[in-house]
Amino acid sequence: MGTRGRRWLRRSSRRPLWGSAILYGVVIFWCFIVLFPFYWLATTSVKRPIDVSRGPNYIPYIDFQPIPDHWEEMFGIQRESTERHFRNSLVSAIGSTILSVVIGAMAGYGLSRFRYYWGRLGWDNDNIAFWIISQRFLPPAIFIVPFVLLYNALSLIDTYAGLIIAYTMFNIPFAVWIMRDFFNGLPVDLEESARVDGATRWQAFIRIVLPLSAPGLVAVAIFSFIFAWNEYLFALMLTNFNAITMPVLIAGQNNTRGIEWWFISALTLMAVVPVIIMGLLLERFITRGLTAGAVKG
Amino acid sequence: MSTVREDRIMKRVFLSPAVVILLALSIFPLLWSLGISFTDMQRGGSTIARQAAAEGITEGVGFLGLGFELTGRNYQRLLVDGRLHSTVRNTMIYVFVGVTIQYVIGLGLATVLNQPFRGRNIVRVIFLMPMMMTPVAAAYTGRMFFDSNALRSPLAHFLRQFSKAIGLEQAISVPWFTDIGWAPIAILIIDAWQWIPFMTLILLAGMQAIPEDIYEAARVDGANVLQIFWRVTVPILLPISLTVILIRGLEIFKIIDVVVVTTGGGPGSATESLTLYIFEQALSNGNYGYASAIAYILLILVIIFATIFLTVGRRWIRGSAERGK
């Protein structure tokens, strides 16, 4: 940290004025590009329909009179629907996150601490790890037909279990990959001394290794959660009423009454807020966990 | 229990759940859909076959009475399906143009964020926000902005004011979603807005891992800022750059949500992506066999892309390492 502090002083004192001007110019411009759409969603969600179509109106109380109607509608008349879809998203995202973290951490630990050799394929740890991560990059389109057939046969269509299983499958490769990198960076001494003191492998894993890998676990959890929360294709394909998630609900707003931008904006913010709050709180973990292995050497 | 024996068991316990899930839900469906791609399987085919079997009819319900025939016709059809060819072309445009735009802007923003300035931490968090929006929602937001009606869209309004300000007779108006040329650009912009933060995040982490000494040495040798950027930062970032480009490229191959919400694939099939086409063949038309065959084409494209990328990439990295010596 000390070096970074000194670098800060040195560089900023050296930077010419025009350099600062360009720097702040770019930063402000890009903040605008990023934030304006969010601002537009927020204001649209409190506009009267007439203010949306006879606009554009930018500033509340000056350009238009904000109204809470659409939010009231979402939590009033539409309450049942909003709650159901929000709950569906939450249950399937949290369920698959927990499973991915647990299974990913276990496999990551295995690949980091044991030596495997799959004789028939001639694969060692690196081959196995590569095979696992490569599953993440298979195009999901290839799973459309078999999943529909499989889920129909097992009656998993439109159930939480169905979504959780599918999302867990998609999240595992990434989880294994990150956790393996993370465990590779942890010294083995602590576990070994615990085992000398009589702890089993499993106890050492649970009591020593996992607490030390909190940043990696949190990063995996965030990524799994965001993936499952935002996923569209499989949610669309594998649900039809009871288990429909927020993205499918939002995408389906293109209905017969025409597009109700104000209502979509409110829904969108509803769907975005949990993820943003989580992301902002845990931003530090994301970078640390993700780059633990990615950047070294 | 002896430690050795315990380890022999535990090593299986740790790895098995992940492997079993991937075998059951990834490898098995993969092989299954390869099989389906060589049949003329339709939705409901097996139901018809079962009914026929219940009524004692075994003729004319297909291979082994399963309700479909084995055939190679799906793969012949691929060659003459014009709509498929345009979806392949669109997908390639999304991948190559999209990745290039996102990488260049992402690298630029990472460079900016790597400079010390007041408020850097909060700015870094702001820059990440688009990534957290559901792609479907980002697509709706994009629709609001790329609406060509200046009464609704702030962007169209801005363009109209702008053209008035510079004295144009005819106001600039871009037919974002209705023109064959512009519609893919609109989709590229929405995807870029959402995913540039990912590039920035990873490239920034890479830059922060570069030791200060290297820069110091370059400065002592008299290199200016641009030279340092091209000769030091970019080559060191090469491996991580290849990784993010590969990840984003493979992700864009899967694009469907943005297309569904903005244009639905139109006008014509000017913006339709491969994934969307497969989805429509499978679930709207119920052509399971043909959809599986197209999905295999997509898989082959993805594998070719990844292989070329990894081979060429490795050579580059080696090359730049040698030049650096």
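This tour proceeds through a predicted model of two chains, A and B, one selection at a time.

**Chain A as a whole**

Begin by selecting chain A and colouring it by secondary structure: 14 helices and 2 strands appear. Of the 297 residues in chain A, 43% are buried. Consider next the contacts in chain A with a separation of 6 or more: residues 24 or more positions apart account for 76% of them.

**The two domains of chain A**

Select residues 16–67 of chain A for domain 1, then residues 79–294 for domain 2. The C-alpha centres of these two domains of chain A lie 34 Å apart. Where they touch, domain 1 of chain A contributes 7 residues and domain 2 of chain A contributes 6 residues. On the domain 1 side, helices α2 (17–44) and α3 (49–53) of chain A each supply at least two residues. The largest share of that side, 3 residues, comes from α2(A). By type, the residues on the domain 1 side divide into 4 nonpolar, 2 polar and 1 charged.

**The domains of chain B**

Turn now to chain B. Its domain assignment gives domain 1 as residues 1–26 and domain 2 as residues 86–324. Between the C-alpha centres of these two domains of chain B there are 39 Å.

**A stop on helix α1 of chain B**

Select B:Ala24, which has its place in helix α1 of chain B. Is this residue buried, partly exposed or exposed? B:Ala24 is partly exposed, because 13 other C-beta atoms lie within 10 Å, a count between the 12 or fewer of an exposed residue and the 20 or more of a buried one. Add B:Phe177 to the selection: B:Ala24 and B:Phe177 are 153 residues apart in sequence, and their C-alpha atoms are 41 Å apart in space.

**Where the chains meet**

Display both chains and select the residues at their interface. Here 71 residues of chain B are in contact with 75 residues of chain A. On the chain B side, helix α1 (residues 3–36) provides the largest share, 17 residues. That side of chain B consists of 53 nonpolar, 11 polar and 7 charged residues.

**Two crossing helices**

Keep α1(B) visible and add helix α7 of chain A, residues 144–153; the axes of the two helices come within 8 Å and cross at roughly 105°. This angle falls in the range of 65 to 115 degrees, and α7(A) and α1(B) are therefore roughly perpendicular to each other. Show the side chains at the crossing: from α7(A), A:Val145, A:Pro146, A:Phe147 and A:Leu150 meet B:Pro29, B:Trp32, B:Ser33 and B:Ile36 of α1(B). The residues of this contact comprise 7 nonpolar, 1 polar and no charged.

**The largest nonpolar core**

For the last selection, turn to the largest nonpolar core, which has 154 residues. Which residues have the most contacts inside it? They are A:Ile144, A:Ile250 and B:Ile278. Helix α8 of chain A, residues 160–184, gives the most to this core, with 16 residues.

Finally, centre the view on B:Ile278. Leaving aside neighbours within four places in sequence, B:Ile278 is in contact with A:Ala141 and A:Ile144 of chain A, and with B:Ala291, B:Ile294, B:Ala295 and B:Leu298 of chain B.

Conventions: Residues are numbered from 1 along each chain as its sequence is written. Chains are lettered from A and ligands numbered from 1 in the order in which they are written. This is a predicted model: local features need pLDDT of at least 70, side-chain atom pairs count only at pLDDT 80 or more; totals for chains, interfaces and linings use all residues. Two residues are in contact if their C-beta atoms, placed from the backbone, lie within 7 Å. Helices (H or I, at least four residues) and strands (E, at least two) are DSSP runs, numbered from the N terminus. Ala, Val, Leu, Ile, Met, Phe, Trp, Tyr, Cys and Pro count as nonpolar, Asp, Glu, Lys and Arg as charged, and the others, Gly among them, as polar. A nonpolar core is a set of buried Ala, Val, Leu, Ile, Met, Phe, Trp, Tyr and Cys residues joined through C-beta atoms within 7 Å. Axes are lines fitted to C-alpha atoms, for helices over the stretch in contact, and angles run from 0 to 180 degrees between N-to-C directions. Angles under 35 degrees count as roughly parallel, over 145 as roughly antiparallel, 65 to 115 as roughly perpendicular and the rest as oblique. Domain bounds come from an automatic or database domain assignment.
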